[in-house]
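User: I would like to go through this model and ask what the terms used for it rest on.
Analyst: Here is the structure; ask about the terms one by one.

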Amino acid sequence: MGLRILSTGISLPKTAVSNDRLATMMNTSDQWISSRTGIKYRHIASGDENLTSLSIAAAGTAIERAAIRVSDIDMIICSTMCGDYVFPSLACCVAEALGVTCPAFDLNAACSGFIYALDIADKFISTGRSKHILIVCAEMMSRLCDWTDRSTCVLFGDGAAACVVGEGNAIKYINLTSDGHTHLLYQQVGSGNSPFRPQKEPGFLVMAGQDVFKFAVSKVGQQTELALQALNLTPDDIDLYILHQANKRIIDSARARLEQPEEKFPTNIDRYGNTSSVTIPLLLDELLEAGSIKKGTKLLLSAFGAGMTTGTCVMIWE
Ligand code: COA
């Protein structure tokens with residue numbers, strides 16, 4: 001016995017920022033951003049919106065839809081690259097707001113975080129240690145980006161997506177990797193205020209865009225093929241490919257390699273940009289709400305992110 005996803009919920013900052021609006025702030029254009037990435041809008045936090053508030057809203061919807069009591073949650077895993085505090089973890093902030101006392105911790109596998117969280121949750125449920133686990137992916141990329149660097153800041157967005165998982169047998173395959181190319185995509189912290197070493201200010205997100213693009217195209221393809229081979233499936237056997245929403249061209253290249261029709265590769269990158277580990281559960285939530293995923297739907301989830309990490313999962317919806 002492993003897990004199944006009982007429910008999902010999402011929460012986005014109220015401000016949606018268009019490419020045209022960004023073009024009033026920096027030397028860019030809707031034409032460049034849309035043609036290179038497929039992105040039209042991204043949500044950016046403002047006012048008192050923070051990761052804890054977004055996480056609680058997404059978690060609240062997921063818990064309500066799962067029709068469980070808050071006290072039934074026996075573990076909280078948050079996937080985030082940077083919570084509201086260095087410590088305590090975002091997961092502990094969520095636990096406090098929900099009023100639950102259970103193990104709660106953050107994990108950082110960058111954009112692959114949701115699949116890493118699913119794998120950990122699967123292991124806790126399959127060993128009987130947990131019955132209901134709340135997974136929350138929450139990212140505030142707008143805090144991490146250098147808003148004077150047009151080659152990166154236009155790509156990302158903020159948001160949160162949650163799911164409640166319980167006992168089931170939905171996961172048929174899951175594989176996690178990390179390749180140690182840490183220089184392709186990173187953000188350095190400062191040196192702190194130690195009197196014993198030189199002061200260094202924290203940095204902003206740095207990305208070697210074309211190298212990340214090449215990594216993604218080759219790795220997503222390779223990992224997808226490995227998953228299909230392991231289950232003795234062909235690309236046609238998968239109903240929906242839920243890929244990390246980083247760039248529409250990366251998704252299109254995976255689709256071309258597998259020779260699959262466009263409708264099997266749903267996207268929402270046009271509305272949200274790259275929300276890191278949030279993209280996959282955000283898309284899952286939209287597809288569930290639209291009725292596109294039903295009992296028996298065969299899904300292949302695939303993500304890649306800083307590290308460089310990847311996560312690939314095949315599940316049959318229960
Ligand atoms: N608006 C207008 N022009 C821009 C721009 C912007 N926002 N950002 C960069 N440019 C310019 C560059 O300065 C460059 O100009 P030049 O030719 O005069 O030097 C030109 O556009 C091409 O830049 P380049 O970096 O070669 O573009 P690209 O086609 O590789 O696209 C990315 C850039 C970032 C969209 C693409 O590399 C990418 O998507 N990489 C993967 C990123 C990713 O997936 N990250 C998430 C990992 S989880």
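**Terms and the values behind them**

User: What makes the pair formed by the ligand and Q210 a polar contact?
Analyst: A polar contact is a pair of N or O atoms within 3.5 Å; within protein, one must be able to donate a hydrogen and the other to accept it, and residues adjacent in sequence count only if both atoms are side-chain atoms. An oxygen atom of the ligand is 2.6 Å from an N or O atom in the side chain of Q210, so this pair is a polar contact. The side chain of R36 has an N or O atom 2.7 Å from a ligand oxygen, and a polar side-chain atom of N247 is 2.7 Å from an oxygen atom of the ligand.

User: What is the status of the model, and what was counted?
Analyst: This is a predicted model, in which local features need pLDDT of at least 70 and side-chain atom pairs count only at pLDDT 80 or more, while totals for chains, interfaces and linings use all residues. Residues are numbered from 1 along each chain as its sequence is written, and side-chain values use heavy atoms, with hydrogens and water left out.

User: How many residues surround the ligand, and what makes a residue near?
Analyst: A residue is near a molecule if one of its heavy atoms lies within 4 Å of it. The ligand is surrounded by 24 residues, and T28, R36, G209, Q210 and N247 are the closest.

User: How is the shell divided by class?
Analyst: It holds 11 nonpolar, 10 polar and three charged residues. Ala, Val, Leu, Ile, Met, Phe, Trp, Tyr, Cys and Pro count as nonpolar, Asp, Glu, Lys and Arg as charged, and the others, Gly among them, as polar.

User: Which helix gives the most to the shell, and what makes a run a helix?
Analyst: Helix 8 does, with four residues. A helix is a DSSP run of H or I with at least four residues, a strand is a run of E with at least two, and both are numbered from the N terminus.

User: Where does N232 lie, and what is its phi?
Analyst: N232 lies in the loop between helix 8 and strand 11 (240-243). Its phi is near 60°, a positive value in a residue other than glycine.

User: Which residues does a cis peptide bond with omega of about 5° join?
Analyst: That bond joins F87 and P88. P88 lies in the loop between strand 4 (75-79) and helix 4 (90-98).
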